[in-house]
Amino acid sequence: MKQQWLNLPLEQISIEMVFRSLYFFNRACLQNPQLELISWLVENHRLMGLVKAVRKRHRDNAKRSLDIWEPTLT
């Protein structure tokens, strides 16, 4: 089986929500014992809320940081 991964930085994955989703994975395994944890989490990442939202203040901070450091990067 081809494994899929979320191509996101680790900081964007909610560890708390991963742990919370283990209960639901366990319940799904009772119905289908062939399930694999990682592929199930990737498939259901939106339903489980595993990816942290990018808030407006994070976008503003990133823009401000880019404005400051852009002259040194080019």
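A salt bridge here is a side-chain nitrogen of Lys or Arg within 4 Å of a carboxyl oxygen of Asp or Glu. With that in hand, let's work through some exercises on this predicted model.

**Exercise 1. Find how many salt bridges the model has, and state which residues form them.**

Solution. Start with the count: the rule gives 3 salt bridges.

Step 1: take the pair in helix H1. Glu 16 is joined to Arg 20, and their closest N and O atoms are 3.3 Å apart. That distance passes the test, because the cut-off is 4 Å. Along the chain the two residues are 4 apart within H1, about one turn of the helix.

Step 2: move to helix H4. Lys 56 forms a salt bridge with Asp 60, with 3.1 Å between the closest N and O atoms. Both residues belong to H4, and a spacing of 4 residues separates them by about one helical turn.

Step 3: stay in H4 for another pair. The side chains of Lys 63 and Asp 67 meet at 3.3 Å, N to O. Here again the partners lie 4 residues apart in H4, about one turn of the helix.

**Exercise 2. Sort the residues of these salt bridges: which are exposed and which are partly exposed?**

Solution. The border that matters is 50% relative accessible area, with exposed residues over it and partly exposed ones between 20% and that value.

Step 1: in the H1 pair, Arg 20 has 52% and is therefore exposed, while Glu 16 has 49% and is therefore partly exposed.

Step 2: for the pair that begins at Lys 56, the lysine is exposed at 56%, and Asp 60 is partly exposed at 33%.

Step 3: in the remaining pair, Lys 63 is exposed at 53%, and Asp 67 is partly exposed at 44%.

**Exercise 3. Describe the nonpolar patch on the surface and say which element gives the most to it.**

Solution. Step 1: list the members. Ile 15, Phe 19, Leu 22, Leu 37 and Ile 38 make up the patch, and together they have about 430 Å² of accessible area.

Step 2: assign them to elements. H1 and H2 are the elements that give two or more residues. H1 gives the most, with 3 residues.

Step 3: look at one member. Phe 19 is found in helix H1. Its relative accessible area is 57%, so Phe 19 counts as exposed.

**Exercise 4. Classify the aromatic pair of Tyr 23 and Phe 24: what is its geometry?**

Solution. Step 1: set the scene. The search of the whole structure finds 2 aromatic pairs, and Tyr 23 with Phe 24 is one such pair.

Step 2: check the distance. The ring centres are 5.2 Å apart, and pairing asks for centres within 6.5 Å.

Step 3: check the angle. There are 80 degrees between the planes, and planes over 60 degrees apart count as edge-to-face. The pair is therefore edge-to-face.

Step 4: add the surroundings. Phe 24 has 43% relative accessibility, so this residue counts as partly exposed.

**Exercise 5. Are Ser 39 and His 45 buried or exposed, and which backbone oxygens do their side chains approach?**

Solution. Step 1: place them. Ser 39 is found in helix H2, residues 37-43, and His 45 in helix H3, residues 45-48.

Step 2: apply the limit for buried residues, which is under 20%. Ser 39, at 16%, is therefore buried, and His 45, at 18%, is therefore buried too.

Step 3: find the contacts. The Ser 39 side chain reaches the backbone oxygen of Glu 36 at 3.2 Å. For His 45, a polar atom of the side chain lies 2.8 Å from the backbone oxygen of Val 42.

**Exercise 6. How far apart are Ala 53 and Ile 13 in sequence and in space?**

Solution. Step 1: locate Ala 53, which is found in the loop between H3 and H4. At 47% relative accessible area, Ala 53 is partly exposed.

Step 2: compare the two separations. Ala 53 and Ile 13 are 40 residues apart in sequence, and their C-alpha atoms are 9.5 Å apart in space.

**Exercise 7. Which elements have the lowest and the highest mean pLDDT?**

Solution. Step 1: begin with the chain, whose mean pLDDT is 86, with 92% of its residues at 70 or more.

Step 2: turn to the elements. Helix H4 (residues 56-73) has the lowest mean, 84, and helix H1 (residues 15-31) the highest, 96.

Terms used: Residues numbered from 1 in each chain as written. Heavy atoms only, no water. pLDDT = per-residue confidence, 0-100. Phe/Tyr/Trp six-rings, centres within 6.5 Å; stacked < 30°, edge-to-face > 60°. Buried < 20%, exposed > 50% of the residue type's maximum accessible area, 1.4 Å probe, protein only. Polar contact = N/O pair within 3.5 Å; in protein donor to acceptor, adjacent residues only side chain to side chain. Patch = residues over 30% accessible without salt bridge, like charges linked within 9 Å, V, L, I, M, F, W, Y side chains within 5 Å. Areas by Shrake-Rupley, 256 points an atom, 1.4 Å probe, with all protein chains shown as cover.
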